[in-house]
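Colleague: Got a minute? Can you walk me through this one?

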Amino acid sequence: MIWGIFKRDMCHATRNVIAVIVSMGLVVVPALYAWFNIAASWDPYGNTKALKVAVANNDKGYKSDLIPVRVNVGETIISTLHANDQLDWQFVKSDKAIDGVKSGEYYAAIVIPKGFSADMMTLFSPDIKHAQLKYYLNEKINPIAPHITDQGATTVVNTIDKTFAKTIAQVGLDLASSILHYSQSPQMAEYMRNLNGNLTTMANTLSGASQQVTSYSQLLGSANDIVDSTGKLLASATKAGKQAQNALKQGKSGATSFTSAGANVTSSVNTALDQVSGAFDQVAAKVNKAFDAIGKGSDTAASQLTALSEQVSSGESLYDTYITSLNHMRESVEQLPDSDSAKQALLEAIDREITLLEAAKGDSQKLAQQLKDASTQVTQDTAAAESSRKEILNRITSAKQSISNVRDDYATNVKPKIDALASTVSTLISQTDSMITQLSGTADGLDDVTGDVGTNVTSIRSTLGAIAKKLDSSAATVKELITKLETGGNAGDGNSDGGDGDNDADSGKSDELRALATANASTLSTLISAPVALHRVSVYPIANYGSAMAPFYTILSIWVGAIILCAMLKVTISDREKAHVLGLGDTLPRIAGPSGPGNASRWGLRLDHEYFGRYAIFALLALLQGTLVCLGDTYFLGVQANHALQFLAVGWLAALVFSNIVYTLTVSFGDIGKAVAVVLLVMQVAGSGGTFPIETLPKFFQMLYPFLPFPHAIDAMYAAMAGSYGNEYLLDMVYLALFLIPSLLLGLVLRKPVIRLNNWVSRNLESTKVM
């Protein structure tokens with residue numbers, strides 16, 4: 001019975017040319033649907049060069065003392081994009097870029113703001129700002145274009161990040177290399193030798209001063225002993241007066257030596273202050289020389305001014321040393337008895353001297369800052385150089401005046417107090433001599449006097465001893481510095497003996513620094529800017545985007561083909577056809593009842609015979625549709641198919657399953673079944689995971705996903721194209737074939753109770769004359 005129905009259907013389908021053409025159209029149309037979509041999406045991301053994206057650079061650049069070259073990240077971006085063909089970059093002004101996005105001329109625009117480089121360089125300051133690019137996007141032109149241009153913008157940002165990190169790293173490595181080369185130059189070696197010589201001289205001077213102070217203390221001790229001895233001798237015998245007078249003469253000689261030492265100190269102070277004043281004259285001459293060199297080259301002038309600034313700054317330590325010495329002297333004077341009339345005057349003189357030195361130091365600091373500012377200004381604004389020269393020369397004059405004030409105050413206030421102290425000592429001894437001469441008969445009362453003198457001398461000796469210890473400590477510190485400099489120089493030269501573990505460690509560090517600085521700065525900076533490289537390994541690779549979309553469009557076209565078949569072919573068999581199959585002529589007997597499914601069952605043509613008999617031609621045309629679309633994908637479009645026979649088998653199985661589902665819905669519910677088939681199509685387009693991963697879809701579609709045939713058919717086709725993991729292909733084919741079970745159950749069993757209802761609905765629709 002089934003074969004008889006199928007044979008008559010084939011005869012009718014091939015009876016005339018129109019029937020053959022329509023049959024061929026039913027086979028070809030679904031294939032055309034798939035091929036057009038696959039071909040149109042073959043390589044969309046490879047043709048992004050036609051997407052116009054505007055780029056506007058307003059960056060003004062940045063320059064600082066840390067990085068002595070002008071940095072303009074915006075220009076670097078433009079240069080990089082000129083070599084980038086990912087998009088059609090349009091380099092225009094910012095106004096035109098923004099207007100072009102609004103008008104649709106450009107899909108997007110990237111505007112680099114004025115302070116972009118400056119904001120990026122705030123990385124090295126406490127107030128860090130996040131550098132931002134302005135990205136304008138027209139999202140109404142095309143739904144996919146914004147995502148493509150976003151990728152282009154992301155590429156720009158990544159390029160900026162890598163370029164910035166590479167530039168900073170390269171500047172740092174170049175600077176380290178320059179410092180290393182300079183440290184090994186003959187000029188630097190000469191500087192180190194001069195520095196060691198000066199420090200050695202300073203250490204010797206401090207040691208000599210300590211010895212001189214110790215000598216003063218010993219001299220005062222001798223004078224104290226002489227006074228004590230004199231008192232005892234006067235108390236015991238008047239005839240010892242001559243010996244006491246001789247001892248007092250020795251005391252006078254010591255006082256004379258003290259006075260002479262004070263004169264030497266005064267001479268040393270005057271000489272030092274004169275040298276500082278002369279140094280300012282030299283600085284003034286060098287300033288004039290540096291400003292005169294501006295016309296020849298601002299970089300040379302800036303370098304000279306920077307060197308002068310450093311020279312003046314280095315001189316500030318001399319003020320600190322002198323101030324520290326005065327503070328130490330003040331502490332010593334404070335230890336003198338309050339009854340000493342010269343104590344308060346000397347303290348005030350020392351305080352005035354410290355104040356003047358602080359003022360002179362402040363002038364030197366301001367001069368150093370002005371020199372530093374001028375070194376930056378001459379490279380940026382040579383027109384203001386002359387004004388800077390006048391300000392600096394005025395500052396030098398002010399500093400010299402401060403030094404003169406220090407020298408005058410020392411000569412006017414400090415030196416007289418020191419001389420007065422020496423004179424007081426001499427007067428004390430003279431008075432003692434006169435007292436011994438005049439009061440030789442009253443030697444008993446001399447013990448009290450000698451006791452007071454001994455107390456004063458002991459206090460002074462204690463002060464001088466403290467000063468001597470501080471001088472020795474300073475000398476030891478300077479000598480230790482000399483030793484470290486010599487050790488560091490040897491380690492840097494690689495000539496360390498290896499006997500000291502610290503020297504070995506310093507040598508190792510120096511070797512590491514030398515190795516780092518002598519390496520290829522460009523290679524190292526590139527590594528620092530992008531320390532991790534992504535190596536992409538494709539698992540089950542797909543040749544192109546068209547091949548990746550082929551399973552979705554192929555399976556979709558097969559379902560569309562099934563709907564077209566049910567729209568063009570009849571799913572029910574007429575009574576006349578049933579009669580011919582049964583051999584009863586052109587009509588069924590009247591006892592068959594109204595026309596409809598199952599009305600010829602009493603003559604042996606059951607409902608299942610009608611179902612499979614008419615479905616046979618649907619299955620044949622569906623198989624032809626699946627065969628044509630799969631062969632066209634593989635051999636006409638060139639879609640990747642590592643396993644071509646498996647690829648074709650998926651098309652055949654999908655054609656049978658889909659055609660049976662749509663045929664069953666139509667034969668069971670008529671035109672309503674066709675509408676349900678279209679609804680199922682729409683649901684599967686959204687929820688099959690053919691375009692976007694199912695995990696990105698709403699929860700409803702994720703729950704519906706396993707109960708739709710599309711996902712299993714698409715997964716099986718992907719496995720045939722790129723390879724299968726384990727039994728993946730077979731399982732998907734089995735899951736797809738299982739959809740035949742509910743379809744056959746509906747077509748053979750469940751539709752029997754609704755046949756009359758379906759006939760009643762059909763008659764009512766036909767009665768409307770429009771449905």
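Colleague: Which helix gives the largest share of the nonpolar patch?
Modeller: Helix H2, residues 17–40, with four residues. Helices are DSSP runs of H or I, at least four residues; strands are runs of E, at least two; both are numbered from the N terminus. This is a predicted model: local features need pLDDT of at least 70, side-chain atom pairs count only at pLDDT 80 or more, and totals for chains, interfaces and linings use all residues. Residues are numbered from 1 along each chain as its sequence is written, and side-chain values use heavy atoms, leaving out hydrogens and water.

Colleague: Which residues form the patch?
Modeller: Val17, Ile18, Ile21, Val22 and Met568. Together they have about 500 Å² of accessible area. That area comes from the Shrake-Rupley method with a 1.4 Å probe; for residues, only the protein chains shown count as cover. Patch residues have over 30% relative accessible area and no salt bridge; like charges are joined within 9 Å, nonpolar side chains (Val, Leu, Ile, Met, Phe, Trp, Tyr) within 5 Å. A salt bridge is a side-chain nitrogen of Lys or Arg within 4 Å of a carboxyl oxygen of Asp or Glu.

Colleague: Is isoleucine 21 buried or exposed?
Modeller: Exposed, because its relative accessibility is 51%. Exposed means over 50%, buried under 20%, partly exposed in between (1.4 Å probe, protein chains only).

Colleague: New topic. How many disulfides does the structure hold?
Modeller: Zero. A disulfide here is a pair of cysteine sulfur atoms within 2.5 Å.

Colleague: And where does cysteine 566 sit, buried or exposed?
Modeller: Buried, at 1% relative accessible area. Cysteine 630 is buried too, at 1%.
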